[in-house]
Amino acid sequence: MKLISDKKPAFPWFGMDIGGTLVKLVYFEPVDITAEEEQEEVENLKSIRRYLTSNVAYGKTGVRDVHLELRNLTMCGRTGNLHFIRFPTQGMHRFIEMGSEKNFSSLHTTLCATGGGAYKFENDFRSIADLELLKLDELDCLIRGLLFVDHVGFNGHPECYYFQNPSDTQNCVKRPCTLDNPFPMLLVNIGSGVSILAVYSQDNYKRVTGTSLGGGTFLGLCCLLTGCETFEEALEMASKGDSTNVDKLVKDIYGGDYERFGLQGSAVASSFGHMMCKEKRDSISKEDLARATLVTITNNIGSIARMCAVNEKIERVVFVGNFLRINTVSTKLLAYAMDFWSKGQLRALFLEHEGYFGAVGALMELLKASEEL
Amino acid sequence: MAEGARVDSVTAHAAHTMDKSITLPPDEIFRNLENAKRFAIDIGGSLTKLAYYSTVQHKVAKVRSFDHTAKEHGDRLYDIAVQEEVTARLHFIKFENAYIETCLDFIKDHLVNTDTKVIKATGGGAHKFKELIEKKLGLKVDKEDEMTCLIKGCNFVLRNIPHEAFVYTKHADSEFRFQNTHPDIFPYLLVNIGSGVSIVKVESEDKFERIGGSSIGGGTFWGLGALLTKTKRFDELLQLASKGQHTNVDMLVKDIYGGSYGSLGLTGDLIASSFGKSATADKEFSQGDMAKSLLHMISNDIGQLACLYAKLHNLSRVYFGGFFIRGHPVTMHTITYSINYFTKGEVQALFLRHEGYLGAIGAFLKGAEEDNPNQYSWGENYAGSSGLMSVSPDMNPMQRSRSGTFLFDMLEMDRLERQLVKLPLLQDPSSYIPDTMDLTEDALAREYWLYCFEDALDGVVKRAVASQPEAPEAQERAEKFRQKYRHKLQTLRNQPFAYGSLTVRSLLDTREHCLNEFNFPDPYSKIKQRENDVALKYYLKAVKALDVLQWEERQFALVTGVLAGNVFDWGAKAVSDVLESDPEFGFEEAKRQLEERPWLVDSYDQWFARLKGPPHKCALFFVDNSGVDIILGVMPFVRELLSRGTEVVLASNSSPALNDVTNSELQILTERIAAMDPIVQGGLRDERLLLVQSGSSSPCLDLSRLDKVLATVVRERNTDLVIIEGMGRAIHTNYYAMLSCESLKMAVIKNSWLANRLGGKLFSVVFKYEVPAGRRERPVSSIL
């Protein structure tokens, strides 16, 4: 059953990215619904739309990032608002049960999903909610979604930004920019873990490498070290801490700069290096530990990204992923690291919709798949 | 007993001062302090490494020719005199920082030499102990840059210690796979994992650059580990980690995907997010699991960065060092795994046997620049060096703290008389492996040879005592030798990898080093002398018998002569039994003992065909035993080559080993033969017969470490034939050596076990004539 006579897919339009830690959901809310459509629209669909658009929080852990909403967007010939929703992957089973309760399968829509969870939860979707997932590759989706959002812009503003004067903390300012000619770019996706891609065109890319030291490591270590429970809590603590109480700096070892190798005294020589010593362990705060964890993980990602950029001969490094959400400590640090260690050769770029591109890419696949029917 | 000396009533881990009542064992640690100079010290976080240079007085056996016109010495050909010789030695000792004061006191008490004014120092702890050192020793502490010392030390060990570098494979039959010394050690990458990580690219002796690094290193493992667990010591954290399960803490690909991420080739067991599962408040994690996860996280991260730098700089040799590595199987394994993963097996992680000493060696070299140590070749002294992973201060901290022992580890290196270089005729020097059998990998062979050397020990002790009848304390010294060598064999039984690949050669060399250590420089000197005397009497008769033969018959008789001569070998147990019980065992009898053709390996027909062709330009002949072998076997063969118009270079050992003829003995013998034989005389006169020392003092032969002079002669003379004689040189070693010219390997197998293994029997003959591929069709003969 099709609601609209042309080849457009049936509503609701969802794109879903089920990661290791977070599920990212984008929902296209059509605002150009005709009276005729309104009449034909089943109650079920209406209630979903109302539920999603009238709330900003769902259950205990679901959140709609209202500030990211893309308004009056045209997709597949329809105009609407794109909503960005996230909840922890731990809540996935509850989500599937809800799909079952709401009889989601009666809507005859295709649920496009990417991320590892699309594979892991496929059977649960089928057996519990009678839903068939269209599984999509996460990197394909990531790139497609990123290019799309960058293209449509952020409600009249650029999606992309960078930091001017990254090496000067006083004068470091966030500046909007566009990815007019985006290729080649090194795309660093920091989720629970990190994937690094060299992207030459929408369809031509390779995964250069990855690292297991990512957002999940930051949060996991913070929970163990400080007893915190959420990413927000961890970041809040980190923002108040001083990592130099935890890390051993070059000057702690050499008294100043290590001139033989051009290392500044303020550079970190050993992350958590002070913690080898009992007295130091006894004198640090949880905030210091959170900050050190954040700085360690961020610097390491910066270092690997920079090496990849040099090896792949790519000057533009784009950082995305939910690790960067509300995390200016890390974005500024990455901008600084790219600039400083490459002597100004590399530029770090960031995108406002950090972690949602995979979900957007999945939604686009839904629209594309329907066109091809 | 160099390893793991025990000092009673010591409480380990007392802060940096130690109970003064402990005394250090003077014969075992800080040896030769009386002549010590040029001290250097490297003080790390927990261990101190001390280096110094000493001169060692050694007894050496010298032969001296008599004036034979006078006839006053009866029948004896030459005289044997034991002289004192002074050789240079480098000492390196590693011990815990806790003992530093005790050790400094000991050094002060034993130091006689007063020329020394300065001690070179490096390492993070050098600053802390500066005052103590200056006060105790009265030497000025002169600090040297840590990284410079590290690189200098690394270059030195790579250049001078064969089998310095190894690949570590946890689950293989032998965990350590030692690497050949590459003729050119540069360029390489050194990844030093201390509290942080430094990645250094080394391009030449003096050119190196820190191309990168990381703050996530050993300090991160230690610091975070101490925060996450109740364990506060580094090595205990490693032990804890080795028992943990990281999958309880890490988020794996399969935790996200339910399986593998097939399209990217990421397996399900791959770690997607380190500590990804610990982002929860309502679960307790085991300390071992967290330590293991931390270890994986840090090792993988370092491995990844090292690979990125290796790729960027196009380097394939990557050495790992620093306290994070230092002989810890756990970290060597995780780093190896990581490198293997990130380079898809293209780059191997290399580790160094003496990694812990690099800083001390480098600091020492900085201080000794005026002596120019790098212009000499140095050799590891097996007698004075603790092996890899024998009881050392790095290992088993728990055990150590319980037993309260003072442990130390030593490395001694002797300055070699001659500078050693590779034979220019090796087909592919970088892939040349001297040894035929690696006993580290062959448990059965290892078992046999260790037994064999243990079994022969009584005989060696007896002969050593007999060689010094005028020394009353020889018996006592010989007993010490026995203990030392037996202890080495025991070490090798437990840790076959202790001194690099275990081979018959290394077992023989270790025995020679131990004999020298206790001043038995040449136990066979008298036997060699007697046999040379006897054999010389038959020389003319043997040559005449050959001369009357037809050319064809003579060629065969010359070969069987060399082979029969080679039966006379005190180094082979089966033969020494016969020789000892029946001194009349003659040359002719030896010929009868030989296997009938076809021999076990027999390319005589090809050799014979070759002899019909044009003469060789120059033959290089590595000779074996004294007595019948050299005089009645080799010399007539050489004489025939000279007659054919081939120049001959006779290469013999520089110093004694078993009953092998030494260069100085061969000089005398050849002169005596020349006096009887105009052909040999003419050869010497016209310099068509040259006697050159090999630079070796081993019964085996390493063609990559030969006297520089020999290499020059070989090149200048356009040598086109290499002859290697005897079991030690042509079977235990070099059996598979590929040369860029024709070669002839001749030996009689005088060991029934080996004969058996090769599919032959006692006195089976190996006659292997080879022409390098491309010159002629390649004779095929492979038995090992």
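In which strand of chain B is the place of B:Cys618? The residue lies in strand S19, which covers residues 618-622 of chain B. The model shown here is a predicted one, and this cysteine serves as a starting point for a walk through it.

B:Cys618 has a relative accessibility of 0%. Buried means under 20% relative accessible area, so B:Cys618 counts as buried. What surrounds B:Cys618, apart from its neighbours within four places in sequence? B:Cys618 is in contact with B:Thr646, B:Glu647 and B:Val649, and also with B:Arg717, B:Asn718, B:Thr719, B:Asp720 and B:Leu721. Another residue to find in the structure is B:Leu689, which is 71 residues away from B:Cys618 along the chain. The C-alpha atoms of B:Cys618 and B:Leu689 are separated by 9.5 Å.

The next step is to look at chain B as a whole. Chain B contains 25 helices and 25 strands. It has 784 residues, and 63% of them count as buried. Among the contacts in chain B with a separation of 6 or more, 74% are between residues 24 or more positions apart. The area that chain B exposes is about 30000 Å², and 48% of this is supplied by carbon and sulfur atoms.

Chain A is the partner of chain B in the interface described below. The average pLDDT of chain A is 93, and 97% of its residues score at least 70. Residues 1-5 of chain A, however, have a pLDDT below 50. In the model this stretch has 7 contacts beyond near neighbours in sequence.

Where the two chains meet, 50 residues from chain B and 54 residues from chain A take part in the contact. Together the chains bury about 4200 Å² between them, with 63% of that area on carbon and sulfur atoms. How many salt bridges does the rule find across the interface of chain B and chain A? The rule finds 1. A salt bridge is formed by B:Lys311 and A:Glu312, whose closest N and O atoms are 3.8 Å apart. The interface also has 20 residue pairs in polar contact, with both residues at pLDDT 80 or more.

Several elements of chain B each supply at least two residues of the side that touches chain A. They are helices H3 (146-160), H4 (218-228), H6 (253-257) and H7 (287-312), together with strands S10 (208-214) and S12 (271-273). Helix H7 of chain B gives the most to this side, with 9 residues.

Terms used. Residues are numbered from 1 along each chain as its sequence is written. Chains are lettered from A and ligands numbered from 1 in the order in which they are written. This is a predicted model: local features need pLDDT of at least 70, side-chain atom pairs count only at pLDDT 80 or more; totals for chains, interfaces and linings use all residues. Side-chain values use heavy atoms; hydrogens and water are left out. Helices (H or I, at least four residues) and strands (E, at least two) are DSSP runs, numbered from the N terminus. Buried means under 20% relative accessible area, exposed over 50%, partly exposed in between (1.4 Å probe, protein chains only). Contact means heavy atoms within 4.5 Å. Accessible areas come from the Shrake-Rupley method with a 1.4 Å probe; for residues, only the protein chains shown count as cover. pLDDT is the predictor's confidence in each residue, from 0 to 100. Buried area is the accessible area (1.4 Å probe) that two parts lose on being put together, summed over both. A salt bridge is a side-chain nitrogen of Lys or Arg within 4 Å of a carboxyl oxygen of Asp or Glu. A polar contact is a pair of N or O atoms within 3.5 Å; within protein, one must be able to donate a hydrogen and the other to accept it, and residues adjacent in sequence count only if both atoms are side-chain atoms.
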